[in-house]
Amino acid sequence: MFKENSMSQLLLQNRKIVLGITGGIAAYKSCELCRMLVKNGAQVAVVMTEAATKFVTPATFAALTHHEVMTGVFDDAEGIDHIAITKDADLYVIAPATANTIAKFAMGMADNAVTTSVLASACPVVIAPAMNTRMLLNPATKNNLKTLQDRGFYIIAPEEGELACGDTGMGRMRNVDDIFAYICSLLNENVAIPYDINSTTCLPKPQEPTALTQTKLLPKSHGAGLKIVITAGPTEEIIDPARVITNRSSGKMGYALAQMAATMGADVTLISGPTSLATPNNVKRIDVSTASQMLDAVKSQVGQAHIFIGCAAVADYRLIEPMSTKLKKEDHGEFLTLELVRNEDIVSYVGHLDEDRPYTVGFAAETNNFEENAKEKIVRKKLDLIVCNDVSGSEIGFGSNDNAATVYSPEGEVCTFGKMSKIKLADLLMELIISQFKEKLSHKKN
Ligand code: PMT
C-alpha cells in the first residue's frame, strides 16, 4: 500500500488537481482519493456529471475540498466555469471514468461539466476506467481507449474483482492507493505505467516514488520572506603562518544551496570558509577562515534567521597555541606532536538555542554506518533535519560536481535523492527544507 508520507506531501503541496467524477458505483471511492489529495496539500477542484451525483452528493466533495463543486456547464459559483476550472491545473484526474464518458472524450464531445472541462484543459489528463468486463473488452471501448492513449491521456489500468453488476472480472476501478501512487509518480517523473489495451489481466502496481526526480516542484517564490543562513566550505586552523589543518570541502554543495535558496526568493547569507568559488547572485557572503570565526559569524546572523543550514566541513580540532613563526623541521626530527583542542560545534550550538532558534539543518559526511551515524547526530545536535552524504568515494561528496543524499528527521528517513548534480540536489533540498519548515510552523500555529 502506498504510504502517505512527506514525499507525497512534497509532490502534492500546492498542486492544483481537478478531480472529475462520472456516474459509476466507484464514485464513492473517489471521496477517499479526494481526501488523500487534500490531506497531502493539493488544491482539489471537483467536477461531477449529473449521473455521478446520483451515487455521491456534491456536498460530500464540497466538504472534503472546502470548495463548491461544479456540476453543470453554466455553473458560475465562486467564479468557476468549465474554462476557468482547469486554468493552471497540474493534472485532471477522472475517477471513475465510465465507458460512456470515455467514448465522449474520444469523440471530443462537450455535453456536461466533465467532458466540457476536459476538452478545455491544457494539463495532462488521467483516467481511471470503471465498467463491466464485456464493456471494457468491447472493441468500441478498446478503440476509444486507444484513441485517448494516442492523444496523450494517461490510463490507469482497471483491476480484477467483483463488479457492480455482480460479475467478477476485469473492469473494477483501480484501488485508491494505487491511483494515489500513480498520481504521485506522474507528478514526480512525468511518466507512468503504460496501459495495455488488449490486456485481460491486472497490470503491475504503480511504483511508489522512492526518490524525487523532478525539480521545480513548487513556485519559485517559495522562499520569499525567509532569511536563510548557510555555512559552506572548509575551515582552516592555523598551525603556523605557512600551514593549516583543514577539510576537503570545495564549498560547491553549500554554494549551490545558497544559489537555489536565493532563486526561490529567500534573503540568503552565506558564511563561507576559504574557497575559490564566486558568490552566487543575490547572496550576502561573509568570509571566515577558522571554526571560531565561523561560529562568531553564525552567532551574529542566526538571531534573525528562519532557517540555518550547516553545510560547512568545520575542522573538529584546532591547535591550542598556533605558532607565530614557521615551524622548522630541523627542530622536530622524525615525529611532530601537535596539541589540539576541540572546536565548538556550530550546528549544535544553533540547534540548542532556546530563543530565536531557527529551523536547523545539518549535514552528515559519512563513509559507513550512514543511517546510524546520521540518526545519532540529529539527536546529539538537536537538528530538525540532517542530510547524510557519502564521502568515501570521489564521484560524489567532497569536491565533485555531483552528490547523492538521504534526508532524516528525528522521526526517521524523509527521502533519498539519487546521484545528481549538486545544483539539482540543492534545488530539491531547498524545496524540501522550506516545505518542512513551513509545515512545522503551521503545526506550531495550530
Ligand atoms: O564542499 P563540497 O566539496 O561540495 O562537499 C560537500 C560536503 C561533503 C562537505 C557537504 O555535503 C557535507 O557533508 N558537509 C558537512 C561536512 C561535515 O563536517 O560533516 P560532519 O558529519 O563532520 O558534521 C556534521 C554536522 O556538524 C555538519 O552539519 C557540520 O557542518 C557540523 N559541524 C561539525 C563540526 C563543528 N565543529 N561544527 C559544526 O557545525
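In this predicted model, Arg35 and Glu32 form a salt bridge whose closest N and O atoms are 2.9 Å apart. Both residues belong to helix H2, and because they are three residues apart there, about one helical turn separates them. Neither partner is buried by the criterion used, since Arg35 is partly exposed at 28% relative accessibility and Glu32 is partly exposed at 34%. Side chains of opposite charge can pair when their charged atoms come close. The count of salt bridges comes to 18, and three of the pairs are set out below.

| Salt bridge | Closest N and O atoms |
|---|---|
| Arg35 and Glu32 | 2.9 Å |
| Lys440 and Asp384 | 2.6 Å |
| Glu395 and Lys419 | 3.2 Å |

The salt bridge between Lys440 and Asp384 joins helix H13 to the loop between helix H12 (370-380) and strand S17 (385-390), and so ties together parts that are 56 residues apart in sequence. Here Lys440 is partly exposed, with a relative accessible area of 32%, whereas Asp384 counts as buried at 10% relative accessibility. The salt bridge between Glu395 and Lys419 connects the loop between S17 and strand S18 (402-409) with strand S19 (residues 412-421), so that parts 24 residues apart in sequence are tied together. Glu395 itself is exposed, at 55% relative accessibility. Elsewhere, Glu159, Arg172, Arg174 and Asp178 are linked in a network of salt bridges.

Helix H2 (residues 27-39) also holds Tyr28, which joins Ile25 and Phe55 in a nonpolar surface patch with about 330 Å² of accessible area together. For the protein chain as a whole, the accessible surface comes to about 20,300 Å², and carbon and sulfur atoms contribute 51% of that area.

The interior can be followed from strand S8 (residues 227-232), which is mostly covered, with six of its six residues buried. In a regular strand the side chains alternate between the two faces of the sheet. In S8, Lys227, Val229 and Thr231 point one way while Ile228, Ile230 and Ala232 point the other way, and all of them are buried. S8 pairs in the parallel sense with strand S11 (residues 267-272) over six bridges, and within this pairing Ala232 stands opposite Ser272. S8 also runs parallel to strand S13 (residues 307-310), to which four bridges join it, with Thr231 standing opposite Gly310.

The largest nonpolar core has 40 residues, and those with the most contacts inside it are Ile228, Leu257, Ile307, Ile309, Phe417, Leu429 and Met430. Helix H13 (residues 422-445) supplies the largest share of this core, nine residues. Apart from this core lies another, of 36 residues, among them Ile17, Val44, Leu91 and Ala95. When neighbours within four places in sequence are left aside, the contacts of Ile309 include Ile228, Val229, Ile230 and Thr231, together with Leu257, Val361, Phe363, Met430 and Ile433.

At the level of the whole protein chain, there are 13 helices and 19 strands, and 52% of the 446 residues count as buried. Among contacts in the chain with a separation of 6 or more, 68% are made by residues 24 or more positions apart.

Note on methods:
Residues numbered from 1 in each chain as written. Predicted model: local features only at pLDDT ≥ 70, side-chain atom pairs only at ≥ 80, totals over all residues. Heavy atoms only, no water. Buried < 20%, exposed > 50% of the residue type's maximum accessible area, 1.4 Å probe, protein only. Helix = DSSP H or I, 4+ residues; strand = E, 2+ residues; numbered from the N terminus. Pairing = 2+ DSSP bridges. Contact = heavy atoms within 4.5 Å. Areas by Shrake-Rupley, 256 points an atom, 1.4 Å probe, with all protein chains shown as cover. Patch = residues over 30% accessible without salt bridge, like charges linked within 9 Å, V, L, I, M, F, W, Y side chains within 5 Å. Salt bridge = Lys/Arg side-chain N within 4 Å of Asp/Glu carboxyl O. Core = buried A, V, L, I, M, F, W, Y, C linked by side-chain atoms within 4.5 Å.
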